[in-house]
Amino acid sequence: MKFIYPALALVSLIFANGAKARWQPAPKTTWNYVLGHDVDIAHETAKVVDIDVRKSVEKIQKLHKAGIKVICYFSGGTLEDFRDDINEYMKVKGLVKEVYDDWPDERWLDFRVEGLKPLIKNRMKIAVSKNCDGIEVDNLDAYQMEIVKKWKNPITRDDTIKFAKWLGSTAHSLGISIGLKNVSGIIDEVADYFDFAVNESCAKHNECYRYNNFLKSGKAVFGVTYHGLDKNRKALCENLSGLGMSMIVKAGSSLVPESIIFNGKKECGNSFSDAVGAAVKPGSKSSNNKTTKKTTKKTTQKTTKKNTKKTINEKTTAKKTTSKKTTTKKTTVVIKKTSSRKVTTIANKPKTTKKLTTTKKVTKSTKKPATSKKVTKSTKKPVTSKKVTKSTKKPVTSKKVTAIPNKSKTTKKLTSKKLTTTKKVTKSTKKQATSKKLSKTTKKQISKKQSVKKQNTKKQNTKKITSTLAKKAPKKISFNDFYA
């Protein structure tokens, strides 16, 4: 027994000195992402801050004193031209590749090259020496890039999974926590090798749901969305409900200290779920079930509007058909939107002519006005049937004032009255036209007779005058009689 207690004391001493527990943040832990700028410790409210590994030891100590955990960033899939160890990277044959299009100061790395591993491990040791709580290794998504796909031997998804597992194992061997950056498509295969995850713009691409299992295991996912809350609010509400991701929103694309910690209840309402690892991909069947009530309300409103439009059109077409069935000498049909059709029938041969009229139309009828609220003018001279047919050929623009009653019953009465009156008018016009023709012919005959009588009387008068003159004229006296 005397040897047991010293042995236990020795084990506990070794564990206390060399085996510090690795940091693992929990879901919903607040964070901030600040690269290329300095953190304002006095105004920082987040519990975790992600900064570049080049930051000084003094800065990291101040953050720790303020109760803030520190994640130290560097890229593992690209080489940045401002790194202190750039020359060491350039010496490795076949490692450094083409320029990264989105970041001209970076070049892609073929991380399958064995010479890269010691360089990555050295950077991890720097983070440990500065007492960083965790590291973020960026740009593992080379297999998704078009420029990398064009390589003679491009990086594959399986290559990325292998490299990610090596990163996790190496970090843990050095006693530091590590987070998986982006590549959410492999999160389930490598989850056991990482302590947290960092994601950019998963709401924009509807990919946040992929972190459900990772969050369920009790590990935090730190997300960032760029270009403001107003532009991304809908996508954030749809993607983050029931997920438990720690999301911040930046006003632009720069990782400045200023950011908004996304609050689902505040921005999305009470329907936003605070559950963890239960998010649904927007547009899937389960997400559609949640929004069924709202969509049905909207669709019913739209269908009622369409139905009302159809009923109005049906009413107007009904008016057209009823007016066309009745064959009259002259019928007019009044349609909404100031369009009218006239049907003129002469000698039982219907001729239809279409006229487009603007607002306010004044139709000319004969003596008797129509009873459809029209402004009519009586004409002294009736119009014959021949003239009517000629006028139908030419398009006439005239003004018309129409008033359409609201009820269908009244329109039927008015149209029937109009038809009867137009029949009477057309009959009277025929009588007047025939009487006028007779009166013209009789006048011509009377004038001819009178002219003949006048000529006869003139001839008789001339005969009388010549006869009287002959009687009264003196006898002719010859030359001999004068001197007898």
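Is the link of Cys72 and Cys132 left-handed or right-handed? The tour below answers this question in its second stop. The model on display is a predicted one.

**First stop: the whole chain**

Select the entire protein chain and display it as a cartoon. The chain contains 15 helices and 17 strands. It has 484 residues, and 35% of them count as buried. Next, switch to a surface display. The accessible surface of the protein chain amounts to about 31800 Å², and carbon and sulfur atoms account for 56% of that area. Consider also how the chain meets itself: among contacts with a separation of 6 or more, 62% are between residues 24 or more positions apart.

**Second stop: Cys72 and Cys132**

Now select the cysteines and show their side chains as sticks. A search of the whole structure finds 3 disulfides. Begin with Cys72 and Cys132, whose sulfur atoms are 1.8 Å apart and form a disulfide. This pair links distant parts of the chain, with the two positions 60 residues apart. Cys72 belongs to strand S3 (residues 69-75), whereas Cys132 lies in the loop between helix H4 (116-129) and strand S7 (134-138). Rotate the view to look along the S-S bond: the angle about it is -75°, and the link is left-handed, which settles the opening question.

Are these two cysteines buried or exposed? Cys72 has a relative accessible area of 0%, so it is buried. Cys132 also counts as buried because its relative accessibility is 7%, and buried means under 20%.

**Third stop: Cys202 and Cys208**

Select Cys202 and Cys208. These residues form a disulfide with their sulfur atoms 2.0 Å apart. The angle about the S-S bond is 90°, and this link is right-handed. Both Cys202 and Cys208 are buried.

**Fourth stop: Cys237 and Cys268**

Move on to Cys237 and Cys268, which a disulfide joins at an S to S distance of 1.9 Å. This pair, too, links distant parts of the chain: Cys237 is in helix H9 and Cys268 is in helix H10 (residues 264-268), 31 residues apart. The link is left-handed, with -90° about the S-S bond. Cys237 is buried, because its relative accessible area is 17%.

With the three disulfides displayed, how are the bonded cysteines paired in sequence order? When they are numbered along the protein chain, the pairing is 1-2, 3-4, 5-6.

**Fifth stop: the second largest pocket**

Select Trp103, Lys181, Asn182, Glu200 and Tyr226, and centre the view on them. Of the 40 residues that line the second largest pocket, these lie nearest its centre. The elements that give two or more residues to this lining are strand S6 (103-109), strand S9 (196-200) and helix H9 (229-240). Strand S6 gives the most, with 3 residues. The space in the second largest pocket is about 1200 Å³. Colour the lining by class to find 10 nonpolar, 15 polar and 15 charged residues.

**Last stop: Thr225**

Finally, select Thr225, which is found in strand S10 (residues 221-225). Its relative accessible area is 4%, so Thr225 is buried. Which residues does Thr225 touch, not counting those up to four places away in sequence? Show the side chains of Asn232, Leu236, Met247, Ile248, Val249 and Lys250, for these are the residues that Thr225 touches beyond that range.

How values were computed. Residues are numbered from 1 along each chain as its sequence is written. This is a predicted model: local features need pLDDT of at least 70, side-chain atom pairs count only at pLDDT 80 or more; totals for chains, interfaces and linings use all residues. Side-chain values use heavy atoms; hydrogens and water are left out. Helices (H or I, at least four residues) and strands (E, at least two) are DSSP runs, numbered from the N terminus. Buried means under 20% relative accessible area, exposed over 50%, partly exposed in between (1.4 Å probe, protein chains only). Contact means heavy atoms within 4.5 Å. On a 1 Å grid over the protein atoms alone, a cavity is a set of points where a 1.4 Å probe fits but cannot get out, and a pocket is an open set with protein on both sides within 12 Å along at least five of seven lines; lining residues have an atom within 4 Å of a point. Grid points are joined across faces, edges and corners, and a volume is the space filled by probe spheres set on the points. Ala, Val, Leu, Ile, Met, Phe, Trp, Tyr, Cys and Pro count as nonpolar, Asp, Glu, Lys and Arg as charged, and the others, Gly among them, as polar. Accessible areas come from the Shrake-Rupley method with a 1.4 Å probe; for residues, only the protein chains shown count as cover. A disulfide is a pair of cysteine sulfur atoms within 2.5 Å.
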